[in-house]
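Here is a set of questions and answers on one protein model, meant to be read beside the coordinates. Each answer works through a short chain of reasoning before it closes on what was asked.

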Amino acid sequence: MRRKQVLGGLVVMVLLCVGAWMLLRPEPTPPVPSSPPVSARVEDAGGPEVAPAVEPVAAADAGLWLTATLEGAQPFEGEARVGAAFISDADRGWWEEEGRLRFARTGPRRIEDLANVREWVEAPVSASAQGGVLGPVEVPSAPRYEVMAFAPDGTVWWAEQVPASPPTTGVVDLGVVKARPPTGVRVRLEGARDVPGTFSVRMQRGVDPRNVDAVGRLLPVLTLAAPELMHAFENDTPVPLAKDGETRLAPLPPDRSLRLLLRTPSGKQSEPVEVPLREGSVAEVTLDVARLFPNGVGGTVTLRGRVLLGDGTRPLGTAMFRRGDGEELPLAPDGRFTIPDVATWTESRFTVRREVAEEEGRPLGPLWWDFVFTPTAESRGTVDVVWRMPVYRWLVLRMDGFTRAQLKGRSEPPYPVFLLERLDAQGAWSLVPTREFRPEGDNLAVSLVEPGTYRVRVASSPYASRVSGTARVGEDFVDAEVRLPAEDTSPSTCELRITHQGQAVAGAVVIAGGGSPSLPPVRAETDSAGRWRMGGVTSDVLPLRVLGAGNEWEGDGAEACRRSGVIEVRL
């Protein structure tokens with residue numbers, strides 16, 4: 001019994017010693033990823049250079065890590081991004097096909113230049129006395145890597161690396177990335193202090209074709225560093241300028257030059273001013289208002305008025321007006337509006353849009369209408385106007401069932417097409433635009449906005465059409481009616497025959513038009529005998545274009561149709 005107690009005690013002591021050793025033993029050192037022997041091609045103003053090797057980066061887990069040294073004149077302050085660039089299957093296929101088809105490739109000089117960064121990842125930067133150390137940042141295996149960073153003063157860093165083969169573990173070191181001082185201009189206005197309102201400037205790039213690729217690679221980091229300026233470039237929007245002091249426009253793309261177009265508070269714009277740019281330098285520019293606007297900066301007025309639907313007895317409903325610059329503002333429920341800062345040196349266009357949900361059937365009037373304000377020499381201060389949106393009158397084209405079936409049988413989509421014609425003061429018929437052609441059973445209701453004498457032209461093809469009777473539409477709003485009778489006889493038909501070296505060309509493409517540009521052309525192909533039966537032709541002109549047998553032919557076939565009914569085309 002005593003022996004068992006002694007043995008049990010020894011076992012307990014051994015277990016206690018083992019547990020103490022497990023608790024007190026030192027932690028094993030994690031493996032350090034080895035740095036593969038790859039070189040970094042760093043893009044800077046002086047050209048590519050090979051970055052010096054860096055010490056291995058300690059990491060808790062094995063993987064692929066990216067690092068770089070941002071060189072600068074002071075400790076780094078700003079943001080940094082890291083991107084892995086991949087080649088899409090479509091780009092890779094194009095590259096391979098290009099290599100098979102051509103002796104010398106076009107476009108990029110290497111396939112890695114087709115790689116695009118799918119996602120930019122924020123990267124930490126440890127500031128140092130002259131810049132900072134970026135990373136390490138874990139990255140996936142990729143054919144190309146990019147690093148970009150920017151500081152509040154507009155300084156940017158950008159570099160890329162293309163390994164000999166995509167690495168899978170270790171450290172991707174982009175070496176020393178040199179700072180790029182901002183390129184741009186400081187704009188000062190002269191002679192603008194006494195002009196009320198804000199001046200602005202539009203910017204246009206003067207791109208050097210020899211440097212377009214290098215500048216293009218900098219655009220993503222410039223967009224991060226100066227989003228307002230890059231947005232103004234891309235959307236051609238003006239940037240406001242300070243009247244007192246300077247307006248700094250930097251960083252900008254390091255192009256050959258920058259074109260500035262000064263805009264006055266009234267919207268008047270100057271001729272472009274060409275400013276040479278030098279990379280890494282912010283140039284000073286003075287814009288003289290008196291010299292750029294020798295005829296004055298132009299004034300503005302406040303436009304005050306009301307929009308009425310017809311004579312105003314019908315409600316306009318909810319409506320918006322839009323200025324020429326795209327700004328939209330609502331009208332008051334009774335149609336009243338006030339529009340400030342309307343230019344007096346040019347006419348201004350406004351669009352009024354009714355936002356109403358009318359009942360089914362004919363609309364009361366157009367949903368939108370354009371109005372033009374033309375200032376006069378007396379336009380000052382506030383100008384009162386009244387704008388009237390038209391109320392529709394209606395011309396009804398009546399067709400019986402047989403006429404409708406006859407028209408449908410001679411037409412192929414998008415035909416039949418209907419056109420509205422009006423008799424002018426010289427006694428000639430001319431096309432007038434209209435917004436509504438509303439089918440009503442076998443009939444068609446056509447909207448009108450003013451009195452006059454009207455008829456409807458009905459086209460079964462671009463080269464075959466006929467007209468309805470005529471009707472006088474008066475000042476009242478009573479429907480006017482015209483009738484399209486059935487045709488007693490079919491129009492003369494025409495046939496197109498295509499040959500090449502005496503042989504019929506099957507499958508030749510034919511594009512045929514007519515006498516009115518408002519009618520869409522038709523497209524057809526010749527049959528096995530090289531023929532295309534066009535059907536009836538009533539137009540005095542018949543423009544044709546034929547493509548087949550590797551050749552092309554253009555001409556007018558109206559005379560041949562009238563003479564023999566056959567158009568012979570030899571490709």
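Q: How many salt bridges does a search of the whole structure find?
A: The model is a predicted one, and side-chain atom pairs count in it only at pLDDT 80 or more. With a salt bridge taken as a side-chain nitrogen of Lys or Arg within 4 Å of a carboxyl oxygen of Asp or Glu, the search of the whole structure gives a total of 35.

Q: Which residue forms a salt bridge with Glu 475, and how many residues apart in sequence are the parts that the pair ties together?
A: The partner of Glu 475 is Arg 393, with 3.7 Å between the closest N and O atoms. Glu 475 lies in the loop between strand S30 (471-473) and strand S31 (480-483), whereas Arg 393 belongs to strand S23 (residues 393-398), so the salt bridge ties together parts whose separation in sequence is 82 residues.

Q: Is Arg 393 buried or exposed?
A: Its partner Glu 475 has a relative accessible area of 61% and is exposed. The limit for a buried residue is under 20% relative accessible area, and Arg 393 has a relative accessibility of 7%, so Arg 393 counts as buried.

Q: What is the distance between the closest N and O atoms of Glu 421 and Arg 457?
A: Glu 421 is in strand S24 (residues 417-423) and Arg 457 in strand S28 (residues 452-461), so their salt bridge ties together parts 36 residues apart in sequence. Glu 421 is buried at a relative accessible area of 7%, while Arg 457, at 22%, is partly exposed. The closest N and O atoms of this pair are apart by 2.8 Å.

Q: Which residues are linked with Arg 497 and Glu 568 in a network of salt bridges?
A: The side chains of Arg 497 and Glu 568 themselves meet in a salt bridge, at 3.7 Å from N to O, and this pair links strand S32 with strand S39 (residues 566-570), 71 residues apart. Both count as partly exposed, Arg 497 at 27% relative accessibility and Glu 568 at a relative accessible area of 42%. The network that holds Arg 497 and Glu 568 also includes Glu 495, Asp 527, Arg 531 and Arg 533.

Q: Why is the disulfide of Cys 494 and Cys 561 assigned its handedness, and what is that handedness?
A: A search of the whole structure finds one disulfide, formed by Cys 494 and Cys 561 with their sulfur atoms 1.9 Å apart. Cys 494 lies in strand S32 (residues 493-500) and Cys 561 in helix H7 (residues 558-563), so the pair ties together parts 67 residues apart in sequence. Both Cys 494 and Cys 561 are buried. The torsion about their S-S bond is about -95°, so the disulfide is left-handed.

Q: Where do the buried residues of helix H4 fall, seen down the axis of H4?
A: In H4 (residues 227-235), Leu 229, Met 230, Ala 232 and Phe 233 are buried. Seen down the helix axis, these buried residues fall within an arc of 155°, so they line one face of H4. On the other side Glu 228 and Glu 234 are exposed, whereas the buried residues pack against elements including helix H3 (212-225) and strand S13 (257-263). The place asked for is therefore one face of the helix, within an arc of 155°.

Q: Which strands are the edge strands of the open sheet S18-S17-S20-S21?
A: The four strands of this open sheet pair in the antiparallel sense. Strand S17 (residues 319-322) pairs with S18 over three bridges, and one of the bridge partners is Leu 329 in S18, which faces Phe 321. The strands that pair on one side only are strand S18 (328-330) and strand S21 (368-373).

Q: In the open sheet S35-S34-S37-S38, what is the bridge partner of Leu 547?
A: This sheet has antiparallel pairing, with strand S35 (522-525) and strand S38 (551-556) at its edges, so one side of each is left without a neighbour in the sheet. The twist from one strand to the next averages 15°. Strand S37 (residues 543-548) and S38 are joined by six bridges, and in S38 the bridge partner of Leu 547 is Glu 552.

Definitions and conventions
Residues are numbered from 1 along each chain as its sequence is written. This is a predicted model: local features need pLDDT of at least 70, side-chain atom pairs count only at pLDDT 80 or more; totals for chains, interfaces and linings use all residues. Side-chain values use heavy atoms; hydrogens and water are left out. Buried means under 20% relative accessible area, exposed over 50%, partly exposed in between (1.4 Å probe, protein chains only). Helices (H or I, at least four residues) and strands (E, at least two) are DSSP runs, numbered from the N terminus. The arc is that of the directions from the helix axis to the C-beta atoms. Contact means heavy atoms within 4.5 Å. A disulfide is a pair of cysteine sulfur atoms within 2.5 Å. Two strands pair if DSSP finds at least two bridges between them. Axes are lines fitted to C-alpha atoms, for helices over the stretch in contact, and angles run from 0 to 180 degrees between N-to-C directions.
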